[in-house]
Amino acid sequence: MKQSKANGSIHRKYLASALISIGVSYGLSGCGGGSSAPAAVAPPTPPTVSIDVFGARGALLTAVVSSTDCATTPTVSWQNSSGVAVGSGTSIQDTQPNSILTATASCSSATASQKLAANSVHTALSAFAVLQNGSAVAWGNPVWGGQTSTAAAITSISQLYASERGFAALLSDNTMKAWGSSYVAVTDPNLVYPATGAIATSPLTNIATVMPGRLAYFVTKKDGSIAAWGNFRGVTDGVDGYIGDAKTGLNPVTLALLTDVKAQASTEGAYALLKGDGTVVTFGDQDAGGNSSAVQPLLVGVTQIVGNNFDFVALRKDGKVVTWGYGYAAKSGEAEINPTLADISKLYVSGNAAAAVSNTGAAFAFGFAPQIEAADSSSLTASLTNVSNIYSTQTAFAALRTDGTVISWGDLPRMGNSLNAVQSSLTNVKSVQATEYAFAALKGDGTVVSWGDPELGGDSSAVKAQLTNVVALSANKYAFAALKSDGSVVTWGMKTKGGDSSAVAAKLTNVRAIYATAYGAFLAVNKDGSFVTWGDQWAGGGTAPATLTKIPYLG
């Protein structure tokens, strides 16, 4: 009997040991008390996070983040190549496109980063130029910057700059060369070439900064002086002038005034240069803002200058505004400080009108209201509050408010009915793009709302079902392109100007950025650096040179 009990005890211990070895707990009891083994607990699944970035450098960048097993919602931070924070959140406006940029998603203990290459794509009105290994690859209009062989002959390029009708290359020795129309093409930094064509005001050496104008370039040198070359249009007399013209251009007397230049603005026929001391120097067509003598005593403490087609508008540090030029941007048609415009923080322009946002977020338009609808926003005063940004076509404005709603005005024949049809949908808007006469708004839910001239993209009804999960919008003067989070692209607007991408749709499958030339072409860059063009051949929509094999998006 004792032997049987002993055998039973041994058997129970052996069984318990076997069960424990396969993960089953078993209670034992016996003399002196009992004990129990805790149940085995599987370790927690570690959190994971991934990030993918979409958008053209210099525009709105959007990070698409996915995660698993995170205790909190992932956060996104953005740093430049020096490790300095430049923003946070899933979307930021890229203000440092020439720097490598890193986006980092964090989720509990997990992180993931994506590094973006510095911008290499530059666009004139009708040509693309891509910086590749110290050289430029250009294509498009063969006169306005698309001269492939001319661009390829320039080497040791450190940075490219685009004007309306050409490109300029800053070389590693701090000299410059340029190509494009005869207005801007300077092939010898030391200016040893015939007197025909573009002539700079002094040798393009010891360059410190570069400021492209519409048909010209302005550079500051390391000694603080300025050099310039190019043209200005003769708006009233039809006779174009060279930058160095002794009568209406930068003559030696005017040049002597130009030290410590910080910024430039252009109209169709004139230029305004803002100096570090807050004063302004103008030249060019007298009726398009080239003559600022009537308001010169008022142009002190200036912090911002903008130019529309024919007028300049300057913002002073005291929050007041000064206008001069043809007269469209001044309510009375005369150059003066408008006493109703005070406490302004930023200025915007359309083709012939201007708009301002105050420090409190109030927005309003001004100009010659009897002839220009966009110049009168008086009926919308109560709605134009908490404005964060203003966008424009040639003839209308759209104000984005901090709550994501959009208020638009101007150009009733093209905008009125279509705006009324979508106004209730203009909520949760992240950003707005514009063609020449139409707007498109990207919403937070990835859908798009458009209004304006139907032929130029104001009517997107034909592709509405496809406009989901959109992360970025691009536009030229005639068409829109929407980039989706799966890397595909949806286009609409004038078909011959990029509104129809069906011929290249099979290649638009892994896109991360879309660039556009104003006169009707698009360039899509894929995640692996391959690229696709479409639209008007003479605007850059044709085949790029075979020497361009990759356009890096990731760093």
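**Exercise 1. Find the bridge partner of Ala 354 in E28, then place E28 in its sheet.**

*Solution.* Start with the pair itself: Ala 354 has Phe 366 as its bridge partner in E28. Before going on, note that you are working with a predicted model, in which local features need pLDDT of at least 70 and side-chain atom pairs count only at pLDDT 80 or more, while totals for chains, interfaces and linings use all residues. Residues are numbered from 1 along each chain as its sequence is written, and side-chain values use heavy atoms, with hydrogens and water left out.

Next, look at the strands around that pair. Strand E27 (residues 354-358) runs antiparallel to E28, and four bridges connect them. Strands here are DSSP runs of at least two residues, numbered from the N terminus, and two of them pair if DSSP finds at least two bridges between them.

Now widen the view. The order E26-E27-E28 describes an open sheet of three strands with antiparallel pairing. At its edges are strand E26 (344-349) and strand E28 (363-366), each pairing on one side only. From one strand to the next, the twist averages 25°; the axes behind such angles are lines fitted to C-alpha atoms, and angles run from 0 to 180 degrees between N-to-C directions.

**Exercise 2. Describe the surroundings of strand E8 (residues 101-107).**

*Solution.* Begin with burial: six of the seven residues in E8 are buried, where buried means under 20% relative accessible area, exposed over 50%, and partly exposed in between (1.4 Å probe, protein chains only).

Then take one partner at a time. Strand E5 (residues 75-80) pairs with E8 in the antiparallel sense over six bridges, and Asn 80 stands opposite Leu 101. Strand E9 (residues 110-116) also pairs with E8 in the antiparallel sense, over seven bridges, with Ala 105 opposite Ala 112.

Finish at the turn: the hairpin of E8 and E9 has two residues between the strands, and Ser 108 there takes a positive phi near 55°.

**Exercise 3. Which cysteines does the disulfide join, and why is it left-handed?**

*Solution.* First, search the whole structure: one disulfide turns up, counted as a pair of cysteine sulfur atoms within 2.5 Å. Cys 70 and Cys 107 are the two partners, with an S to S distance of 1.2 Å. The torsion about their S-S bond is about -100°, so the disulfide is left-handed.

Then locate both ends. Cys 70 sits in the loop between strand E4 (60-68) and E5 and Cys 107 in strand E8, so the pair ties together parts 37 residues apart in sequence.

Last, check accessibility: Cys 70 counts as partly exposed at 22% relative accessibility, whereas Cys 107 counts as buried at 0%.
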